[in-house]
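Please open the model in your viewer and get your selection tool ready. We will go from one stop to the next, picking residues and looking at what surrounds them.

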Amino acid sequence: MSGELTRDKTAATDDPVRTPGWRLVAPLLVGSALNPINSSILATALVPIARSLHVTIAATAVLVSSLYLASAIAQPTMGRLAERFGPRRVFLAGLCLVGVGGVLGTLAPNLATLTVARVLLGIGTAGGYPTAMMIVRRFAARHPEVKVGGTLGALSAAGLVTAAVGLPIGGALVAVADWRATFLVNVPMALLGIVMTLCWVPADAGSGTRAAASLLSELDPPGMLLFAAMVTCMLLFCGDLAHPNWLMLTATLLLAVALVLWERRARLPFIDVRMLARNRPLSMTYLRVGATLLVPYCILYGLSQWLAESRGMSAITVSLLLLPMSFLASVVTIPFSRRQLVRGPLIAAAAAALVGSLAMVTFSPHTPLVLIAAVTLTFGVTTGLGSVGNQTVLYAQSPAEQVGVASGLLRTSTNLGAIMSASLVSLALGNTAGDAGLHVLGLALAGLATVLLLATVLDRLPAHTR
């Protein structure tokens, strides 16, 4: 049966705890992992792509930004579609788009086609996480005795692990085969996910069909367009704070006002701004997610540049040095997610960010690599505990009927943190990536971590959720 349950044992007692079966969880992990792995797998393929398609390396940057932008916009959109048509249907549709994007990218003759493929991958992979959260929520509603904390932790860990291994996997594929293999790998993964979903995930209720007029009314196209335009302008502004585009900032603010005004009047708003205004804890969770994950993203981008510039390390050596940080992030989620803890992990995440940032201020070209690796592990704690703590509290804070959009917005906050981290690194390091720039970055992150720690301590977060 697709909805089978398994029995686990808690650490404190020998009483069996009923959990979702592995057959339900396995396809959800595959779907949720596709977005983070596609975010990192292309990094080592950009130079070969530029050579193969006869374009500049700078021109290939559109392949990175297009997936981030498409994902940021599509994640809450896919969540909304899942709420209307059923999460399993949208989960499968997303996997189909991933397969199409993989094929198109493999056969792409030019950069324009490759960019379209990345957009399709961004939209398709965006459906994995919000629909998985909805499937878990509905499964838990049908089986109140089931503990889903471990499942939520597994979803978080899957994203962290695949984001970490995406870089070395991409490098291996390019070395053994060709850059096109970084697109082709999506095809078997999508097919595997589709087969497992059809076999093991319970079907959605109803037929899923809607009249065209009813569909447009339920999906709130004006709200979606305003949100997409606002996020686009926001990311364009945040993407290069060293040369701020004030027109984009103005457009972002105007579109935000227009979005709020429209959604307050919409019968079925795409983003329920009234609910967000009433649900202050949920709104704070989005801000906390972006701020928390901005710190480790700055380490991935900034520290890696400094290691390459000041220490003369190769890209593969840098990636291997930072790899334990990401794996630790996934490991620390396990005990906290099973107990569905919130306040403790979030405070520990902010404290670890503060300790690591202050330690980074002491780095020099003579700092032992063992010490650098040890400091990066503190940011792994920030990533893992911040991710699982915020995901757990969002699961409890969001209304059951809106968990799809709420989960999508959580990932949008993560994407925005990634975009802003790249710009902050550029501001701090400049063109040289020297010691002074790294120290400025460390102090800036220490200041952010201090604010985050104080805000988390003062916030009335629950110790755990049920």
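The lining of the largest cavity divides into four nonpolar residues, six polar residues and no charged ones. Keep in mind as you look that this is a predicted model.

To see that lining, select G31, L34, F91, G94, L95, V98, G124, T125, G127 and G128. The space they enclose comes to about 40 Å³.

Now colour by helix. Which helices each supply at least two residues of this lining? They are α1 (22-40), α4 (87-107) and α5 (111-126). Helix α4 gives the largest share, with four residues.

**Next stop: the second cavity**

How many cavities of 30 Å³ or more does the structure hold? There are two, and the second largest has a volume of about 30 Å³. Select R288, T292, L346, A349, A350, L452 and T456 to show the residues that line this second largest cavity.

By class, the lining of the second largest cavity has four nonpolar residues, two polar and one charged. At least two lining residues come from each of α14, α17 (343-360) and α20. The largest share belongs to α17, which brings three residues.

**Last stop: α14 against α20**

Keep R288, T292, L452 and T456 in view, since these names, included in the lining of the second largest cavity, turn up again in the contact of α14 with α20. Show helix α14 (residues 280-310) together with helix α20 (residues 435-458). The two pack at an angle of about 165°, and their axes are 10 Å apart. Because of that angle, α14 is roughly antiparallel to α20. Is their crossing left-handed or right-handed? The crossing of α14 and α20 is left-handed.

To pick out the contact itself, make two selections:

- On α14, take R288, A291, T292, L294, V295, C298, I299, G302, L303, W306 and S310.
- On α20, take D435, L438, L441, L445, L448, L452 and T456.

Colour both selections by residue class: the contact of α14 with α20 has 12 nonpolar residues, four polar and two charged.

To finish, put the two cavity linings on screen together. Around the largest cavity you have six polar residues and no charged ones, whereas the lining of the second largest cavity includes one charged residue. Helices α14 and α20 both contribute to the lining of the second largest cavity, along with α17, while α1, α4 and α5 each supply at least two residues around the largest one.

Methods:
Residues are numbered from 1 along each chain as its sequence is written. This is a predicted model: local features need pLDDT of at least 70, side-chain atom pairs count only at pLDDT 80 or more; totals for chains, interfaces and linings use all residues. Side-chain values use heavy atoms; hydrogens and water are left out. Axes are lines fitted to C-alpha atoms, for helices over the stretch in contact, and angles run from 0 to 180 degrees between N-to-C directions. Angles under 35 degrees count as roughly parallel, over 145 as roughly antiparallel, 65 to 115 as roughly perpendicular and the rest as oblique. A crossing is left-handed if the near helix is turned anticlockwise from the far one by less than a right angle, and right-handed if clockwise. Contact means heavy atoms within 4.5 Å. Ala, Val, Leu, Ile, Met, Phe, Trp, Tyr, Cys and Pro count as nonpolar, Asp, Glu, Lys and Arg as charged, and the others, Gly among them, as polar. On a 1 Å grid over the protein atoms alone, a cavity is a set of points where a 1.4 Å probe fits but cannot get out, and a pocket is an open set with protein on both sides within 12 Å along at least five of seven lines; lining residues have an atom within 4 Å of a point. Grid points are joined across faces, edges and corners, and a volume is the space filled by probe spheres set on the points.
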